[in-house]
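Visitor: Could you take me through one part of this model closely, namely its nonpolar interior? I would like to know which residues and elements build it, and how that part sits within the chain as a whole.

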Amino acid sequence: TLEILGDCAVNTERNRQGNDYYRDAAEMVHSHFQREEGKTKEEATSSWEASLRVKESRALSNVGSIIEAAAILERSFPRSRNSGRERQPHANATLDSLMLLGNLLS
């Protein structure tokens, strides 16, 4: 699959190529779930897509594209507010995605 090709590319330090594979895989997963659930947002639609977006962002950060990597995470895992106006993490956000975003923004 595209994810495995991305893993191979990143493990051989071809991060740009790995990023392309991860992005293509994430877009395929996103469009599949978007059709199934009728969603139109850019946010991650599944834990599988979420994992791919984290890999995509990590590959970009490895080549120094910090702003683009952070933008992918912020777009994929938007925070919502509950009734008490407290910010809540996205349902598909993982500790890994939140830590990576925090590291990119620091």
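Guide: What follows begins with the chain as a whole and then turns to its nonpolar cores. The model is a predicted one, and its chain holds 5 helices and 2 strands, which run from the N terminus in the order α-α-α-α-β-β-α. Of the 106 residues in the chain, 37% are buried, while the area that the chain exposes comes to about 6,500 Å², with carbon and sulfur atoms supplying 51% of that area. Among contacts in the chain with a separation of 6 or more, 49% join residues that lie 24 or more positions apart.

Turning to the part you asked about, the largest nonpolar core consists of 13 residues, and those with the most contacts inside this core are Val54, Leu73, Phe77, Leu100 and Leu104. At least two residues of this core come from each of helix H3 (47–62), helix H4 (66–76) and helix H5 (95–105), with H4 giving the most, namely 4 residues. Val54 can serve as a point of entry for a closer look: once its neighbours within four places in sequence are set aside, Val54 is in contact with Leu73, Phe77 and Leu100, and also with Asp96 and Ser97. Apart from this assembly there is a second, separate core, made of 6 residues, among them Tyr22, Ala25, Leu52 and Ala59.

Notes:
Residues are numbered from 1 along each chain as its sequence is written. This is a predicted model: local features need pLDDT of at least 70, side-chain atom pairs count only at pLDDT 80 or more; totals for chains, interfaces and linings use all residues. Side-chain values use heavy atoms; hydrogens and water are left out. A nonpolar core is a set of buried Ala, Val, Leu, Ile, Met, Phe, Trp, Tyr and Cys residues joined through side-chain atoms within 4.5 Å. Buried means under 20% relative accessible area, exposed over 50%, partly exposed in between (1.4 Å probe, protein chains only). Contact means heavy atoms within 4.5 Å. Accessible areas come from the Shrake-Rupley method with a 1.4 Å probe; for residues, only the protein chains shown count as cover.
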